[in-house]
Amino acid sequence: MTVKQISVFLENKPGKLADFTDVLSANGIDMRAMSLAEAADFGIVRIIVDDVYNASTVIKDAGYIFSITKVLAIEMPDEPGALSRIIRLLGDNEINLEYMYAFTAPKKNSAYMILRVPDNEKAIEVLGRKGIRPVCHDDLVEM
Amino acid sequence: MGRYFQPEIETASQEQIREWQSERLVRQIQNVWDNVPIYRKRMEEAGLTPADIQSVDDLKKLPFITKDDLRDEYPFGLLARPLSECVRIQSTSGTTGRRVVAFYTQHDVDLWEECCARAIVAAGGTEEDVCQICYGYGLFTGGPGLNGGSHKVGCLTLPMSSGNTERQIQFMTDLGSTILCCTPSYAAYLAESIHERGVRDQIRLKAGIFGAEAWTEEMRHDIEDKLGIKAYDIYGLTEISGPGVSFECSEQRGMHVNEDHFIAEVINPKTGEVLPDGEKGELVFTSITKEAFPLIRYRTRDICILTHEKCSCGRTHVRMTKPLGRSDDMLIVKGVNVFPSQIETVLINKGYPANYQIIVDRVNNSDTIEVQVEMTPEMFSDSLSAVSAKEKELVDALKAMLGIYAKVKLVNPKAITRSEGKAVRVIDKRNLYQG
């Protein structure tokens, strides 16, 4: 009930992100979601793709440092308070949110949040109690 | 007071100087033979006894001593006098594993201060002057050396130490400082600050004595223009005594070595062969009058050229150029000695690859050092805070090793060019060495 995120180390210099996305496009890799975190001199680009194995092979061959992390992807109803309810639920259960970002699935006409928490199992259990079920990686292909 | 602090010494004939040197060298060699085991051992290994050293011409027979020897003999191995006769220590700017502690008897302190006094008088100093000393005080020799020299000249001495620019400028204007002693980069910074505050017309400086780091002619002209002074260079090293081993006169064409105390030689750093005047090589000093911590043929690693040409200032002592480079890979950053090997040690200890690059620059007249390190899969994570924490850990470890802040820049694997043969570890953008 998790999806695999690829995180890539990039130097914080003009053109470095474009170099990276060029590598993906040259290999026909389509991103479902992407987020960028930056420090003064470096950044971490995080992406969700359908075929993690293929993408990580391409990224590795291009000489990038990367890691694969399991994160939660949760479908959000498009209504006020939807995000708050989920975050509140995690907060009330002492689950810290390290970072999050959003993507949409046009075919399904819905929005998804990617959540990074220290303990996926605990978060899945807490969310499950309220009937919220994170999607798994195979679900992405259907979207 | 005239143009010289000790005219009979500073303008003595070169024959006279050689006579003093020979007599003092013979005495010093007997002294170290009797009192410092490492010298005796090295001389015995070279098949020498004190009887082989009859004059300054025999100096070249003697083995060299290096900074590594000083480190190995730390702290007391090179002492030639009992500690009860020593009154002071000073220490090099101090990088772990390379610290050198030098000992002084009262006689040693006096001769060092005399050398500084000669430099102050050469810069036009008299008992009428107000000498503002903004070198660091403490283990660093800059402050104590010039302070003592200023006392000997009879200047009103302002022992400011370094930093606190606001207070420096206030004392400079309120007390009418006429001579400024500090590092050239701090002089440039002070000059700018004085202009920014619009108090240029309130300062009375006429001369500056700037040393402890490399500086260019452009920098000299810039400081001279901004402050309306004449800027003099001064050279020295803790191992030999401190600032004042050599100093510039009004000709500003090389620094006169205080040859009655220190014999200067220039050698081929590869073969050890002594080079004639005008040839570039490694500077080697022998302290012939020091009591507590005499060094015989100490290799400074500074590259320079000597000349015995007559100087129109009237001083007869040999002149050396500013250091034109180093014969090892030592960098001087913010006055602190930095060896790339120290940085490499930290990286390896922290699990980083030994492929790194050090970039030294000077921004707003202040030295900066950046260490570029290649990212590894082990160091990487999807969490920015985790990577930043690792980066900070490395910054702290470098600070502990070097004593100064070095910026860490994490770069992509293979971002640092692999050169064929010897890797280019250091890029010094300061361009301080000329010639």
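Helices (H or I, at least four residues) and strands (E, at least two) are DSSP runs, numbered from the N terminus. This is a predicted model, where local features need pLDDT of at least 70 and side-chain atom pairs count only at pLDDT 80 or more, while totals for chains, interfaces and linings use all residues. Residues are numbered from 1 along each chain as its sequence is written, chains are lettered from A in the order in which they are written, and side-chain values use heavy atoms, with hydrogens and water left out.

**Exercise 1. Work out how chain B is built and how compact it is.**

Step 1. Start with the elements: chain B has 11 helices and 21 strands.

Step 2. Now check the radius of gyration, taken over C-alpha atoms, against the globule rule, 2.2 Å times the number of residues to the power 0.38. Chain B comes out at 23 Å, close to the 22 Å that the rule gives for 435 residues, so chain B is as compact as a globular protein of that length.

Step 3. For the dimensions, the C-alpha trace of chain B spans about 75 × 65 × 45 Å along its principal axes.

Step 4. Look at burial (under 20% relative accessible area, 1.4 Å probe, protein chains only). In chain B, 57% of the 435 residues count as buried.

**Exercise 2. Do the same for chain A.**

Step 1. Chain A holds five helices and six strands. Reading from the N terminus, their order is β-α-β-β-α-β-α-β-β-α-α.

Step 2. The radius of gyration of chain A is 16 Å, close to the 15 Å expected by the globule rule for 143 residues, so this chain too is as compact as a globular protein of its length.

Step 3. Its C-alpha trace spans about 45 × 35 × 25 Å along the principal axes, and buried residues make up 47% of the 143.

Step 4. Take contacts (heavy atoms within 4.5 Å) next. Of those in chain A with a separation of 6 or more, 69% are between residues 24 or more positions apart.

**Exercise 3. Describe where chain A and chain B meet.**

Step 1. Count the residues in the contact: 21 come from chain A and 19 from chain B.

Step 2. Get the buried area, which is the accessible area (1.4 Å probe) that two parts lose on being put together, summed over both. Chain A and chain B bury about 1,600 Å² between them, with 61% of it on carbon and sulfur atoms.

Step 3. Pick out the big contributors in chain A: F9(A), D41(A) and I65(A) lose the most area to chain B, together 38% of what that side buries.

Definitions and conventions
Buried means under 20% relative accessible area, exposed over 50%, partly exposed in between (1.4 Å probe, protein chains only).
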